[in-house]
Amino acid sequence: MKPESRQAVAHFLIAAGRELNAFLEGLEADDYKAVVQMIRESRRGGGRVHVTGIGKPGHVAGYMASLLSSTGTPAYFLHGTEAVHGSCGQLVAGDVVICISNSGETAELKATVIAVKNNGCKVIGVTGDPGSWLARNSDLHLFAGVGEEGGPLNRAPRSSILAELLTLQALSVALQADCGQTPADYVRCHPGGKLGQLREGEN
């Protein structure tokens, strides 16, 4: 490994640790109260949850739709750009759409948010900037901000992606507890692999 590569890794690990520790210290369980209530009320009325994003946050969206689905909250991935080319057809009025964007200013996602709202859905924005367009145009907002990405050029999404994952994983924990998912429920959704073989009380 070149010295430059070694230095880059060392810098990233230090920066990521600093940014994520600061981010986690700012989170509170009550930050998720209103979001959980919105999703609960939507589901009671027959609504569904969708997750979307552009670029790297789009990959986070796919993972989160899968995680939520396996932990008691059925969720669907909504493609960030295909949404305005017909994929909004998967939405029905009363659904909740979680929209992820670090800047909250991504042009393509703005168009998707407008289309989502025009289809009668509620929007939960997940951004690193509470003053961003997405935050202002969301019904509820979850903060997922860091001051430094940590890699060469400090541009490619790294620490911000970790922050998005953490705040949405925390939401998944809140929703899983809220719906009262049992070990039997979990195995019914996840019958394969080692997790599907676990008995109650094992981990």
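A residue is called buried when its relative accessible area is under 20%, exposed when that area is over 50%, and partly exposed in between. Pro157, at 36% relative accessibility, therefore counts as partly exposed. The structure described here is a predicted model. The points below cover strand E3 and its partners, two helices, ring contacts, and the loops on either side of some of these elements.

**Strand E3 and its partners**

- Strand E3 covers residues 96-100, and five of its five residues are buried.
- In a regular strand the side chains alternate between the two faces of the sheet.
- On one side of E3 the buried residues are Val96, Ile98 and Ile100, and on the other side they are Val97 and Cys99, so both faces of the strand are covered.
- Strand E1 (residues 49-53) runs parallel to E3 and is joined to it by five bridges.
- Within this pairing, Val51 of E1 stands opposite Ile98 in E3.
- Strand E4 (residues 122-127) also runs parallel to E3, and five bridges join the two.
- Here Cys99 is the residue of E3 that stands opposite Gly125 in E4.
- A right-handed β-α-β unit is made by E3, helix H4 (residues 107-118) and E4.

**Helix H1**

- H1 has 23 residues, and its first and last C-alpha atoms are 33 Å apart, close to the 33 Å expected at 1.5 Å a residue.
- The buried residues in H1 include Ala15, Ala16, Glu19, Leu20 and Phe23.
- An α-helix has 3.6 residues a turn, so residues three or four places apart point the same way.
- Strand E5 and helix H6 (159-179) are among the elements that cover the buried residues of H1.

**The aromatic pair**

- Across the whole structure, a search finds one aromatic pair.
- Phe23 and Phe143 form this pair, with 6.2 Å from centre to centre and 50° between the planes, which makes it tilted.
- The pair links distant parts of the chain, since Phe23 is in helix H1 (residues 3-25), Phe143 is in strand E5 (residues 140-143), and the two are 120 residues apart.
- Phe23 has a relative accessibility of 5% and so counts as buried.
- Phe143 has a relative accessible area of 35% and is partly exposed.

**A charge over a ring**

- The charged end of Arg48 sits over the ring of Tyr76, 5.6 Å from the centre of that ring.

**Helix H3**

- Helix H3 (residues 56-70) has 15 residues, which should span 21 Å at 1.5 Å a residue; the end C-alpha atoms are 22 Å apart, in agreement with that value.
- Buried residues in H3 include Pro57, Gly58, Val60, Ala61 and Met64.
- Ala65, Leu67, Leu68 and Ser70 are also among the buried residues of H3.
- These buried residues pack against E1, strand E2 (75-77), E3, H6 and helix H7 (183-189).
- Gly72, just after H3, takes a positive phi of about 105°.

**The loop between H1 and H2**

- Leu27 lies in the loop between H1 and helix H2 (33-44).
- Apart from neighbours within four places in sequence, Leu27 is in contact with Tyr32, Phe143 and Thr167.
- Leu27 and Val97 are 70 residues apart in sequence, and their C-alpha atoms are 22 Å apart in space.

**The loop between E5 and H6**

- Most residues other than glycine have a negative phi, and most peptide bonds are trans.
- Leu153, which is not a glycine, has a positive phi near 75°.
- Leu153 is placed in the loop between E5 and H6, and at 75% relative accessibility this residue counts as exposed.
- Asn154 is placed in the loop between E5 and H6 too, and has a positive phi of about 55° although it is not a glycine.
- With a relative accessible area of 37%, Asn154 is partly exposed.
- Pro157 also belongs to the loop between E5 and H6.
- Not counting residues up to four places away in sequence, Pro157 touches Lys56 and Glu149.
- Pro157 and Pro57 are 100 residues apart along the chain, and their C-alpha atoms are separated by 8.7 Å.

Conventions. Residues numbered from 1 in each chain as written. Predicted model: local features only at pLDDT ≥ 70, side-chain atom pairs only at ≥ 80, totals over all residues. Heavy atoms only, no water. Phe/Tyr/Trp six-rings, centres within 6.5 Å; stacked < 30°, edge-to-face > 60°. Helix = DSSP H or I, 4+ residues; strand = E, 2+ residues; numbered from the N terminus. Buried < 20%, exposed > 50% of the residue type's maximum accessible area, 1.4 Å probe, protein only. Lys NZ or Arg CZ within 6 Å of the ring centre and 35° of its normal. Pairing = 2+ DSSP bridges. Right-handed = clockwise from strand over helix to strand, strands pointing away. Expected span 1.5 Å × (residues − 1). Contact = heavy atoms within 4.5 Å.
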